[in-house]
Amino acid sequence: MKKYNLSSVNINNNDIKSVVKNLKSGWLAYGKKSIELEKLIKKKFGFKNVILSNSCTNGIHASLIANGFKKGDEVLTSPFTFISTINTLFHLGAKIRLCDINLDDFNISNSDIQKKLSKNTKFILPTHYGGNPIDINILKSYLKNKKIKIVEDAATALGSKINKKFCGSYKDTVSIFSLYSNKIITAAEGGIITTYNNKLAKKIKNLVSMGITREAWSRANEKNTWEYDLKEPGFKYNFTDLQSSLVINQVKRIDKIIKTREVLRNSYMNNLSPLLKKKLISVQKIQKNVQTSNYIFPILVNIERLKINRNDFIKILKEKNIFTSVHYIPCHKFSFYKKKFKDQKIPNTNYIYDRILSLPFHNDLTSLDIKRISKIIIKTILENEK
């Protein structure tokens, strides 16, 4: 039986040739190719400023620091994200307040944010779950006249849109995207930081480059190649030309990548319609005014009407060569954070977590693959219906 992996790296021969060419160039660190990639991303998505970093996580860290984060600052964020985001806040010494998620789109709840806002809130760090963005305009509308800064965990949302405008191009926020190996375009590891604020962009750029005033690439092409200054200690978060050479062509074809994934999403919706109609499963709601990047295809299993739970279902599918996952394990479920977050009320998050799983979803799948996977899912659920 064919094996259906959860995700797949979308790399073609042109990407490989570009990497080989860079390997032969003699310059692998941040330089000409990375500058080319930053300019390409700016033009493609209408971003005013783009800074590459070695991970989305470190991009979030640098963006918080550049925005004036101080130890003890209160940050409202979603528990339903990859744990590295929460770890970053913990290591910074933030007062972390978890806001619950919506039951329909699994994004951070605007109403819960409003409920939990306090005079001590300094930052809101929303996650665009699965590449399906929250409406930043709505979030900003009730932060007017408040000195609260927005740093977007947009790890999975590159190419997504809100009101036909790319996520990451809005004023008064910083957005950080991921180029990790399971994302729709990848550098194996990496992050993209975008902001409309020129002054903030300059500070972030300096922080991800150790804080030195002249990077190796600029020094190599100017006089006094060895000389530079340090006005503020930064971090070793820089990107590389080797990675940029892998990503450039992927950015150029991202529209096609997303369109293919949209076709696959629609195929799942059509093929799984018998279960959707019977309400044995449900899917993430995509708001009419947004376009998702189609990073994952999560479903909720109606465990109240089945003889098996979500974990049993995952195990059965694995035995049939259908590999799934859970995006994500909420932070308060981990041993380290259980006591720290035990008093925070997030019932929707708990409800979703017990029922959610992500199905195989990547550009190597065909509509026929989706049909076969769906057929097995339907058979498995109907066989276990109460």
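Which strands does helix 14 lie across? In this predicted model, helix 14, made of residues 347-355, lies across strand 12 and strand 13. Its direction is at about 50° to strand 13.

Those two strands belong to an open sheet of three strands, set out in the order 10-12-13 with antiparallel pairing. Strand 10 (281-283) and strand 13 (356-359) are the edge strands, each pairing on one side only. Going from one strand to the next, the twist averages 35°. Strand 12 covers residues 297-301, and four bridges join strand 12 to strand 13 in the antiparallel sense. To pick out one spot along this pairing, Pro 298 has Ser 358 of strand 13 as its bridge partner.

Elsewhere, two helices pack against each other. Helix 3 (residues 56-66) meets helix 4 (residues 83-92) at an angle of about 35°, and their axes are 9 Å apart. The crossing of helix 3 past helix 4 is right-handed. On the helix 3 side, the contact is made by Thr 57, Ile 60, His 61, Leu 64 and Ile 65. Helix 4 brings in Ser 84, Thr 85, Thr 88, Leu 89 and Leu 92. Sorted by class, this contact has five nonpolar and five polar residues, and no charged ones.

Aromatic rings come next: the count is 15 aromatic pairs. Take Phe 45 and Phe 166, whose ring centres are 5.0 Å apart; their planes stand at 90°, so this pair is edge-to-face. Phe 45 sits in helix 2 (residues 32-45) and Phe 166 in strand 7 (residues 165-166), so the pair ties together parts that are 121 residues apart in sequence. Both Phe 45 and Phe 166 are buried. Ring pairs also link these two with Phe 47 and Phe 177, giving a cluster of Phe 45, Phe 47, Phe 166 and Phe 177.

Another edge-to-face pair is formed by Phe 106 and Tyr 129, at 5.7 Å centre to centre and with 85° between the planes. Here both partners come from loops: Phe 106 from the one between strand 3 (95-98) and helix 5 (110-116), Tyr 129 from the one between strand 4 (121-125) and helix 6 (136-141). The pair therefore ties together parts that are 23 residues apart in sequence. Are these rings buried or exposed? Phe 106 has a relative accessibility of 1%, so it counts as buried, the cut-off being under 20%. Tyr 129 is buried too, with a relative accessible area of 1%.

Technical notes
Residues are numbered from 1 along each chain as its sequence is written. This is a predicted model: local features need pLDDT of at least 70, side-chain atom pairs count only at pLDDT 80 or more; totals for chains, interfaces and linings use all residues. Side-chain values use heavy atoms; hydrogens and water are left out. Two strands pair if DSSP finds at least two bridges between them. Axes are lines fitted to C-alpha atoms, for helices over the stretch in contact, and angles run from 0 to 180 degrees between N-to-C directions. Contact means heavy atoms within 4.5 Å. A crossing is left-handed if the near helix is turned anticlockwise from the far one by less than a right angle, and right-handed if clockwise. Ala, Val, Leu, Ile, Met, Phe, Trp, Tyr, Cys and Pro count as nonpolar, Asp, Glu, Lys and Arg as charged, and the others, Gly among them, as polar. Rings of Phe, Tyr and Trp (its six-membered ring) pair if their centres lie within 6.5 Å; planes under 30 degrees apart count as stacked, over 60 as edge-to-face and the rest as tilted. Buried means under 20% relative accessible area, exposed over 50%, partly exposed in between (1.4 Å probe, protein chains only).
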